[in-house]
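Colleague: Before I trust any of the labels used for this model, I would like to hear, one by one, how each was earned. Could we look at it together and start from the ligand?

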Amino acid sequence: MLFYESEMHQSVIQRLNLENDLRKAIFNQEFVLYYQPIIALNTLNLLGFEALIRWNHPTKGLIPPDQFIPIAEESGLIISLGHWVLEEACQQLARWQQKYLLAKKIKMSINLSVQQLQDPQLFEKLQQVIKKASIEGKSLVLEITESMLVENIKKTCDLLTQIQSQGISISIDDFGTGYSSLSYLHRLPVNALKIDRSFVSQIQREGETYTIVETIITLSNLLKLDVVAEGIETLQQLTWLRNHQCNFGQGFFFSKPVTSDNAEYFITQNGIVNLN
Ligand code: C2E
Ligand code: MG
Ligand code: MG
């Protein structure tokens, strides 16, 4: 019992330390964005990038988002961290647009947390960030998850419609893993569904049926939404997805998330030139 209590005590201390570190890290700007290319599966051209945050910790090295985003969310720090992500991703896109003509056409996808969606200033902040970076709304995609659409659906729909009026697109991330919003999906102001990696990873052989992935693609087509497959790791998966008219995809098969410098390669090549 004593041992258990001291273990609990330790984990509370660890959690508080991490929260403190996180607070300092925001102040010291210890975060970086990595970029994973999103590819049009039929042409292998570049659609754009998903911006994915990492914490460049002074002693622990690069920490993945799963290890600090939940704490940022619980502590409310996600509002300032999320704002930094928005600004940095838009500024990066602006730098690419100044450097490469082709970057005018690409889209930057940014993940939002539920607290950001509930932030009454979100719309204003989006407008400010876009204006400051001198980019167009249509260059931006916001990724939200199904669970964010469950509560207060009317209010959320109104906000998303307002955001879309600026040309910004909305994608539903990790689609199929949350509470499925099938009953009202057709009424939601969204532009694309992202098929969760757990379904894509089931695709092993061509010629087999992978019902969940097929269903999501069919659903997207019926609702006239774009569909993006997440976590494509093999040529088999790519071939199957192409044969089933999945428009877009991302995954280690094309590229892991990379630094902004390395991402430029995909802009200069306009996507993937060599499948190996
Ligand atoms: P997500 O938005 O679903 O992002 C996709 C995750 O899948 C990324 O993990 C990416 O590295 C990983 N991934 C992509 N392709 C493959 C593949 O072929 N195989 C495998 N095994 N993994 C692949 P990452 O970067 O660790 O991000 C994890 C999650 O953290 C994200 O999931 C997202 O929910 C959250 N996240 C990342 N950046 C941000 C951010 O700026 N703000 C917020 N609110 N959340 C973020
Ligand atoms: Mg995402
Ligand atoms: Mg996802």
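Colleague: What makes the pair formed by D173 and an oxygen atom of ligand 1 a polar contact?

Modeller: A polar side-chain atom of D173 lies 2.8 Å from that oxygen atom of ligand 1, and the pair therefore counts as a polar contact (a pair of N or O atoms within 3.5 Å). An oxygen atom of ligand 1 is likewise found 3.1 Å from a side-chain N or O atom of R197, and S113 brings a side-chain N or O atom to 3.0 Å from a nitrogen atom of the ligand. As for how much of ligand 1 is hidden, its accessible area on its own is 810 Å², of which the protein covers 84% (Shrake-Rupley method, 1.4 Å probe).

Colleague: On what footing do these values and names stand?

Modeller: The model is predicted, with local features needing pLDDT of at least 70 and side-chain atom pairs pLDDT 80 or more, while totals for chains, interfaces and linings use all residues, and side-chain values use heavy atoms, without hydrogens or water. Residues are numbered from 1 along each chain as its sequence is written, and chains are lettered from A and ligands numbered from 1 in the order in which they are written.

Colleague: Which residues come nearest to ligand 1, and how many surround it?

Modeller: There are 23 residues around ligand 1, and R54, N111, D173, E233 and F252 come nearest (a residue belongs there if one of its heavy atoms lies within 4 Å). By class, this shell holds nine nonpolar, five polar and nine charged residues, and its largest share, four residues, is supplied by β2.

Colleague: Where does ligand 1 sit?

Modeller: Ligand 1 takes the space of the largest pocket, a statement that requires more than half of its atoms to lie within 2 Å of the pocket's grid points. Two or more residues of the shell around ligand 1 come from each of β2 and β6. The largest pocket holds about 1100 Å³ of space. Its lining has 37 residues, and those closest to its centre are E50, L52, P65, D66 and N111. β2 gives the most to this lining, five residues, and the whole lining consists of 16 nonpolar, 10 polar and 11 charged residues.

Colleague: What is the volume of the largest cavity, and why is it called a cavity rather than a pocket?

Modeller: The largest cavity has a volume of about 50 Å³, and it is called a cavity because a 1.4 Å probe fits at its points on a 1 Å grid but cannot get out, whereas a pocket is an open set with protein on both sides within 12 Å along at least five of seven lines (lining residues have an atom within 4 Å of a point). The structure holds one cavity of 30 Å³ or more. Lining the largest cavity are I79, G82, H83, L86, Q116, D119, L122 and K125, with α3 giving the most, four residues.

Colleague: How many residues line the second largest pocket, and which are closest to its centre?

Modeller: The second largest pocket contains about 330 Å³ of space. It is lined by 16 residues, with L117, Q118, N152, K155 and T156 closest to its centre. The helices α4, α5 and α6 each supply at least two lining residues, and α6 has the largest share, four. Eight nonpolar, five polar and three charged residues make up this lining.

Technical notes:
Points joined across faces, edges and corners; volume = space filled by probe spheres on them. Nonpolar A, V, L, I, M, F, W, Y, C, P; charged D, E, K, R; others polar. Polar contact = N/O pair within 3.5 Å; in protein donor to acceptor, adjacent residues only side chain to side chain.
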